[in-house]
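Student: Could you take me through one part of this protein closely? I would like to see how a single helix sits among its neighbours, and then how that picture fits into the rest of the chain.

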Amino acid sequence: VASPSGLPTASEFLHSLLSLEWVHGGTPIALSKHELSSMRLEGIRFEHLLSIFRQWGQHAISDLLYQLSSALPNRNHSLIASLCRRGLVDTIITTNFDLCLEKALTEAGVAFTPVYEAPQVPTGGTSDTLLFKIHGTIMDWADAEAAATSINATLESVFGGLPPWKERLFRFILANHVCIFLGYSGSDSFNINPILYDFPHKRFVWIQHSGAQVGTVSAEVRAILDGSTYPEPVNRDTTQFLGGDPLPRRRIRFRL
């Protein structure tokens, strides 16, 4: 959300998508925040929304998410890259499709290995930062079909859980690191959370952005932290936790 990335919140994404002409009879539907809330669409899962876009609208998800590819890294991305450059972080897992982390790591001169397909998993002997894009990426647009396949974004694709190679890599990372959850909702109920719930020897640190009310984490997050070495969320501004000053909020509403 924060500048200069300008990426949408889930609510903004929903508002913008429902305003496009594909929705109904070629006529955009303008809905207020109150109307969205009364329709109980405010909490719709992102994957469900993209499933509707693909099946009802008959559009390629890759065409929609491509619009996020030009986003620039903000201070959070740059601070994470700085931690990697200093050797304090050697692995990043992200559920995001955008390229902000790649751009920040490149700008910081950090050698990194992006992983979003099975052949890319390193076999050892590398000192590069590992960037595991667990839900895929919008990186490769030379082959639109391959790009769409790599993006595990629809409800159908996440319902069956992670592919075996992703689950193995995910479990390996969890077992060998203290894992800090930063800017993450913890709502991947079908493919990520089942692994986190029962993972043995949890070393999970959950950063609850200070803008949220203390003690208001979801039941899913509580279940994830159950049995962790660090069972209570840390209420702290995300950027301050990373070592910087709080970011200004974006004032211009996102539009697809």
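Tutor: Happily; we will start with helix 6 and work outward from there.

A word on the basis comes before the details. This is a predicted model in which local features need pLDDT of at least 70 and side-chain atom pairs count only at pLDDT 80 or more, while totals for chains, interfaces and linings use all residues. Residues are numbered from 1 along each chain as its sequence is written, and side-chain values use heavy atoms, with hydrogens and water left out.

The protein has 12 helices and six strands; these are DSSP runs numbered from the N terminus, with helices (H or I) of at least four residues and strands (E) of at least two. Helix 6 covers residues 100-107, and the loop between strand 1 (91-94) and this helix holds Thr 95. Just after the helix, Gly 109 takes a positive phi of about 75 degrees.

Now for the inward side of the helix. Its buried residues are Cys 100, Leu 101, Glu 102, Ala 104 and Leu 105, where buried means under 20% relative accessible area, exposed over 50%, and partly exposed in between (1.4 Å probe, protein chains only). These residues pack against helix 5 (75-85), strand 1, strand 2 (112-115) and strand 3 (129-133).

Glu 102 deserves a pause. Its side chain meets that of Lys 133 in a salt bridge, at 2.8 Å from N to O; the term means a side-chain nitrogen of Lys or Arg within 4 Å of a carboxyl oxygen of Asp or Glu. The pair links distant parts of the chain, with Glu 102 in helix 6 and Lys 133 in strand 3, 31 residues apart. Both partners are buried: Glu 102 has a relative accessible area of 7%, and Lys 133 has 1% relative accessibility. In general terms, side chains of opposite charge can pair when their charged atoms come close.

Lys 133 also leads us back to the loop ahead of the helix. The C-alpha atoms of Thr 95 and Lys 133 are separated by 6.0 Å, although the two residues are 38 apart along the chain. Leaving aside neighbours within four places in sequence, Thr 95 is in contact (heavy atoms within 4.5 Å) with Ile 134, His 135, Tyr 184, Asp 188 and Ile 192.

Cys 100 gives us a link to the N-terminal segment. Ser 5, placed before helix 1 (10-18), has Cys 100 among its contacts beyond four places in sequence, along with Ala 71, Leu 72, Pro 73, Asn 74 and His 77. A polar atom of the Ser 5 side chain lies 2.5 Å from the backbone oxygen of Leu 72. Ser 5 counts as buried because its relative accessible area is 9%.

Strand 3 carries the story into the interior. The largest nonpolar core has 23 residues, and those with the most contacts inside it are Phe 132, Phe 170, Leu 174, Leu 196 and Phe 204; such a core is a set of buried Ala, Val, Leu, Ile, Met, Phe, Trp, Tyr and Cys residues joined through side-chain atoms within 4.5 Å. Strand 3 is among the elements that each supply at least two residues of this core, while helix 9 gives the largest share, five residues. Beyond its close sequence neighbours (within four places), Phe 132 is in contact with residues including Ile 92, Val 115, Trp 165 and Phe 170. Apart from this core lies another, of 19 residues, among them Leu 14, Leu 65, Ile 138 and Leu 256.

For comparison, the structure holds three salt bridges. In one of them, Glu 167 pairs with Arg 171, the closest N and O atoms being 3.0 Å apart. Both lie in helix 9, four residues apart, about one turn of the helix. Glu 167 is partly exposed, with a relative accessible area of 28%, and Arg 171 is partly exposed too, at 33%.

Stepping back to the whole chain, buried residues make up 43% of the 256 residues. Among contacts between residues at least 6 apart in sequence, 69% join residues at least 24 apart.

Methods. Polar contact = N/O pair within 3.5 Å; in protein donor to acceptor, adjacent residues only side chain to side chain.
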